[in-house]
Amino acid sequence: MRLKNRIQLYTTLSLFLMVLLFHTATYFIFSFTLTQKDMSRLSEVTENIAIALKKSEEEGLPSSELLRAYLPQNGMIRVVTEKNQSKLTITKESTFSSLPFTYEPGQIAEIKEYGNHLIAFAAVPVIWTNGEIVSLQLYEEIENTEENLALLKLILIAAGVLFIVLSYFAGHILTKQIVRPISRMTNTMKASMRDKAFKRIELTGDSKDELYQMGQTFNEMSDILEKHYEKEQQFLHDASHELKTPITVVMSYSNLLKRWGQTRPEVIEESSQAIHEEAKKMKRLTDQLLTLAKNDQPLYVEMKPIDLGNMCKQLCHTLEVATNRPIYPHVLTDHPLKAEGDEEKIKQLLTILIDNAVKYSNDSVHVNCGLEGDKPFISIIDKGIGIKEEDLPKIFDRFFRVDEARNSETGGTGLGLTIAKHIAEEHGAELRIDSRIGEGTNMTILFQK
């Protein structure tokens with residue numbers, strides 16, 4: 001069953017049950033109120049007759065004449081003895097005479113149904129003229145109450161039917177309003193799959209309700225998926241482009257080896273060296289690609305307290321030996337520089353930044369450690385070629401190189417800073433850059449306290 005039909009069916013059934021319950025309760029409450037009034041009135045009349053009988057006995061008036069004066073228009077007065085015998089029956093309707101009767105020892109009032117008619121009944125014990133205790137019973141057909149209840153029943157049924165019909169059409173309109181955004185979303189998804197494009201839902205109105213928010217969330221999701229798709233396509237394009245050159249070089253030198261390798265030793269040496277260098281480049285590139293692929297998922301970081309000052313000193317000494325370039329660490333505060341983080345990941349981050357500083361400058365590199373307010377920081381400062389201001393927002397993009405000086409000839413793949421940014425983000429650290437052409441670059445990692 002379609003969602004639209006299901007919603008309409010459930011709402012109509014729910015409203016029908018609510019109307020049925022409400023109208024039934026209304027009918028029975030109204031019926032109870034009216035019959036209680038009739039019973040109270042008849043009981044009061046019966047008590048007045050009993051009092052009048054007592055006075056008439058004292059004055060010597062005939063009881064039958066007195067009772068006839070109290071006879072209801074559509075009713076009957078009956079006197080029943082303890083032996084369940086009718087001593088006296090007064091009525092204008094012959095049908096009342098055939099009503100069954102029993103002796104009632106106490107005072108009662110109730111509604112009885114005889115022949116599909118409601119009759120109010122009241123009884124009270126009295127002392128008859130001969131000293132015998134009898135039950136004075138008063139019957140009255142409550143036509144007004146019966147007519148009012150019948151009219152009420154008709155009105156409730158008609159109102160219920162009208163309400164259900166109107167609610168059905170109202171539910172139909174409401175259901176269309178509810179389902180329309182879902183249908184638009186479904187059609188948009190189908191169109192996206194058919195056209196291989198990320199389409200959006202056109203949002204109308206400013207109600208800001210749940211349906212509007214659902215459409216808005218769908219559009220936001222489409223934006224995110226489109227960005228990821230574009231990044232994936234760009235990544236594949238850039239990766240294939242980066243691998244194309246070393247693969248071409250390897251194939252060229254391998255062909256050269258096949259042709260001249262057995263007769264010319266210098267060709268073997270040159271080709272072997274070239275293939276070895278290109279293989280190293282490809283290995284470095286694939287390693288970084290694998291790192292990026294892992295970094296697209298949340299990193300597993302083992303957060304522990306780290307002494308940033310000692311870590312920087314040890315790392316700078318190691319990299320100074322490896323690069324054969326002067327790298328000077330400076331701790332700018334007497335306070336211990338403590339931060340929470342994964343030491344191996346932070347070393348990887350610093351290695352990427354220091355390696356960049358070494359590649360793109362000919363002078364010494366300085367690594368400053370200190371406090372900015374109450375937050376520890378590490379700054380890597382070089383006096384190299386610098387970066388253009390318009391290129392600064394793009395330097396963390398995959399495979400981005402700012403100019404011809406920053407190309408694969410320097411040994412870079414354009415992935416290092418992307419990895420560095422991801423590591424910083426996983427630690428909640430801020431990665432800032434300040435660079436000027438011809439003056440150098442300052443990369444700062446600002447840690448959380």
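## A bend in α4

Let's start with a kink: α4 bends by about 35 degrees at Val179, and a proline, Pro181, comes within four residues after that. Keep in mind throughout that this is a predicted model.

How does the length of α4 hold up against 1.5 Å a residue? On that basis its 53 residues should span 78 Å, and the end C-alpha atoms sit 76 Å apart, so the two agree. The helix covers residues 143-195, and right behind α4 comes Lys196, which has a positive phi near 55 degrees.

## Two residues around α4

Thr145 belongs to α4. Is Thr145 buried or exposed? Its relative accessible area is 6%, so Thr145 counts as buried, the cut-off being under 20%. Leaving aside residues up to four places away in sequence, Thr145 touches Leu34, Thr35 and Asp38.

Past the other end of the helix, Ala197 lies in the loop between α4 and α5, the latter being residues 210-260. With 29% relative accessibility, Ala197 is partly exposed, because that class runs between the 20% and 50% limits. Ala197 and Ser222 are 25 residues apart along the chain, and their C-alpha atoms are separated by 9.6 Å.

## β4 and its two partners

Strand β4, residues 117-127, is mostly covered, with eight of its 11 residues buried. On one side of the story is β3 (residues 108-114), which pairs with β4 in the antiparallel sense over seven bridges. One pairing to look up is Ala109, whose bridge partner in β4 is Ala122. The β3 and β4 hairpin has two residues between its strands, and Gly115 there takes a positive phi near 55 degrees.

Then there's β5 (residues 133-141), also antiparallel to β4, this time over nine bridges. Here Ile119 stands opposite Glu141 of β5. Five residues sit between the strands of the β4 and β5 hairpin, and Gly131 in that turn has a positive phi of about 85 degrees.

## Aromatic pairs

How many aromatic pairs does the structure hold? There are three. One of them joins Tyr27 and Phe28 edge-to-face, at 5.7 Å centre to centre with 80 degrees between the planes. Phe28 has a relative accessibility of 53%, so Phe28 counts as exposed; the threshold for that is over 50%.

Another pair brings together Phe121 and Tyr139, 4.9 Å centre to centre and tilted, with 50 degrees between the planes. This pair links distant parts of the chain, with Phe121 in β4 and Tyr139 in β5, 18 residues apart. Both Phe121 and Tyr139 are buried.

## The nonpolar cores

The largest nonpolar core is made of 37 residues, and the ones with the most contacts inside it are Leu350, Leu353, Ile378 and Ile380. Which elements each supply at least two residues of this core? They are α7 (308-323), α8 (343-359), β9 (365-372), β10 (375-382), α9 (416-426) and β12 (440-446). The largest share, eight residues, comes from α8.

Leu350 is a good place to click around. Not counting residues up to four places away in sequence, Leu350 touches Met311, Cys312, Leu315, Ile378, Ile380 and Ile445. There's also a second, separate core of 26 residues, with Ala52, Leu67, Ile142 and Leu156 among them.

## α9, a covered helix

α9, one of the contributors to the largest core, is itself mostly covered: eight of its 11 residues are buried. Those buried residues are Gly416, Leu417, Thr418, Ile419, Ala420, His422, Ile423 and Ala424. After α9 comes Gly428, with a positive phi near 70 degrees.

## The whole chain

Zooming out, the protein chain has nine helices and 12 strands. Of its 449 residues, 37% are buried. As for contacts, take those between residues at least 6 apart in sequence: 61% of them join residues at least 24 apart.

Note on methods:
Residues are numbered from 1 along each chain as its sequence is written. This is a predicted model: local features need pLDDT of at least 70, side-chain atom pairs count only at pLDDT 80 or more; totals for chains, interfaces and linings use all residues. Side-chain values use heavy atoms; hydrogens and water are left out. Buried means under 20% relative accessible area, exposed over 50%, partly exposed in between (1.4 Å probe, protein chains only). Contact means heavy atoms within 4.5 Å. The expected span of a helix is 1.5 Å times one less than its number of residues. The bend at a residue is the angle between axes fitted to the seven residues ending there and the seven starting there. Two strands pair if DSSP finds at least two bridges between them. A nonpolar core is a set of buried Ala, Val, Leu, Ile, Met, Phe, Trp, Tyr and Cys residues joined through side-chain atoms within 4.5 Å. Rings of Phe, Tyr and Trp (its six-membered ring) pair if their centres lie within 6.5 Å; planes under 30 degrees apart count as stacked, over 60 as edge-to-face and the rest as tilted.
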